[in-house]
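I set out to record what I looked up in this model, entry by entry. The sequence and coordinates come first.

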Amino acid sequence: MALSTRLASPLQPILAALRRAAPGQRRGLSAPPGPGHTLDLRGIFPPLTTPFSPTQEVDYARLEENMCRYASIPFRATQATIELTVSMAEAGADVALVVTPCYYRGAMTSAALVQHYTEVADASPIPVVLYSVPANTGLDLPLEAVLTLAQHPNILGIKDSGGDITRMGLMVHKTRQEDFQVLAGSASFLLASYALGASGGVCALANVLGAPLCQLDRLCREGRWQEARDLQHRLIEPNVAVTRRFGIPGLKKAMEWFGYYGGPCRAPLVPLSPPQVEELRGTFSTNSWL
């Protein structure tokens, strides 16, 4: 996937600013793996929101502000996210997150999906991460397809946003002999995923509560399960609010309360109504985040 020079050029000063803000953070995906090892996907990754101006153009200045604030949070890929974006125009991304094809989902059998991903992975010069998000695609990447694809040398792992913990546990268990990493696609089931052996998470809530999610990651890795459970309980309702309940408009509104720039959404998404804003704020307040 290429990035045009028109898009890459405004990101160059953002990358430079981020390096100044966090000169010691060099643990992103841009670091090459050691001999005989693939990229390490352990930790929390924020799927960054795109800030827009009132005219619905990408607001690079606001993006720079957000990235500088995120630099203080121990994400695995804050700096790498920017580096990846800039380098796409020059040398290609480090990893391709490939969502399930779904337009003709009635024809997307397990065999068809295996063939699709195999061809993509065969042709890709970089590792591929499978992405199953049935809430948006209406299609769950079948477990048997995942297990087959996990054997491909250029398929690194999967981001699974379906929330089926039994399925995630089976993926971890059945691929334990492969060089394959399972990532939780939501903060709502992050603790359960870690308990079953997941490597990390790609969580929309990390745009708002990044530090607590990284704390949850650390507590799980240290085996402090009671503290992790208490923290996970406080994250479930806010996560549901900024994903399934209010979506991107809710996520961007919540970012504003925590010092980030959320800004407007692009049409056809519409901003939250005043009652919705109050409901969203109440969700964060009752869980002691505001």
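**Entry 1: helix α4.** I compared the span of helix α4 (residues 110-123) with its expected value, taken as 1.5 Å times one less than its number of residues. For the 14 residues of α4 the expectation is 20 Å, and the end C-alpha atoms lie 20 Å apart, which agrees. Helices (H or I, at least four residues) and strands (E, at least two) are DSSP runs here, numbered from the N terminus.

I then looked up burial along α4, where buried means under 20% relative accessible area, exposed over 50% and partly exposed in between (1.4 Å probe, protein chains only). S110, L113, V114, Y117 and A121 are the buried residues I noted in α4. Viewed down the axis of α4, the buried residues fall within an arc of 100°, so they line one face of the helix; the arc is that of the directions from the helix axis to the C-beta atoms. On the face turned away from the buried side, α4 carries the exposed residues A111, D122 and A123. I also recorded what the buried residues of α4 pack against: β2 (96-99), β3 (128-132), α6 (143-149) and β4 (155-160).

**Entry 2: basis of the values.** This is a predicted model, in which residues are numbered from 1 along each chain as its sequence is written, local features need pLDDT of at least 70, side-chain atom pairs count only at pLDDT 80 or more, and totals for chains, interfaces and linings use all residues. Side-chain values use heavy atoms, with hydrogens and water left out.

**Entry 3: overall make-up.** I find twelve helices and six strands in the protein. Of the 290 residues, 48% are buried. Taking a contact as heavy atoms within 4.5 Å, I note that residues 24 or more positions apart account for 72% of the contacts with a separation of 6 or more.

**Entry 4: nonpolar cores.** A nonpolar core is a set of buried Ala, Val, Leu, Ile, Met, Phe, Trp, Tyr and Cys residues joined through side-chain atoms within 4.5 Å. The largest one has 58 residues, and L205, V208, L213, L280 and F284 have the most contacts inside it. I followed F284 further: leaving aside its neighbours within four places in sequence, F284 is in contact with L205, V208, L209, P238, V242, A254, W257, F258, W289 and L290. Apart from the largest core lies another, of eight residues, including L41, V129, L156 and L183.

**Entry 5: salt bridges.** Counting a side-chain nitrogen of Lys or Arg within 4 Å of a carboxyl oxygen of Asp or Glu, I find eight salt bridges in the structure. In one of them the side chains of R221 and D217 meet at 3.0 Å, N to O. Both residues lie in helix α9 (residues 210-221), four residues apart, about one turn of the helix. R221 counts as partly exposed at 42% relative accessibility, whereas D217 counts as buried at 11%.

Which residues does the network of salt bridges link? The members are R218, E222, R224 and E227. Within this set, the closest N and O atoms of R224 and E222 are 2.7 Å apart, and R224 meets E227 at 2.9 Å, N to O. I list R224 as partly exposed at 31%, E222 as partly exposed at 44% and E227 as partly exposed at 40%.

**Entry 6: backbone exceptions.** Most residues other than glycine have a negative phi, and most peptide bonds are trans. I therefore looked for departures from this pattern. A cis peptide bond joins A267 and P268, with omega about 15°; P268 is found in the loop between α11 (247-257) and α12 (274-286).

Q56 has a positive phi, near 70°. Q56 sits in the loop between β1 (43-45) and α2 (60-70) and is partly exposed, with a relative accessible area of 31%. S288 also has a positive phi, near 65°. S288 belongs to the segment after α12 and is exposed, with a relative accessible area of 53%.

**Entry 7: cysteines.** How many disulfides does the structure hold? With a disulfide taken as a pair of cysteine sulfur atoms within 2.5 Å, the count is zero. I looked up burial for C102, which counts as partly exposed at 25%, and for C265, which is buried at 14%.
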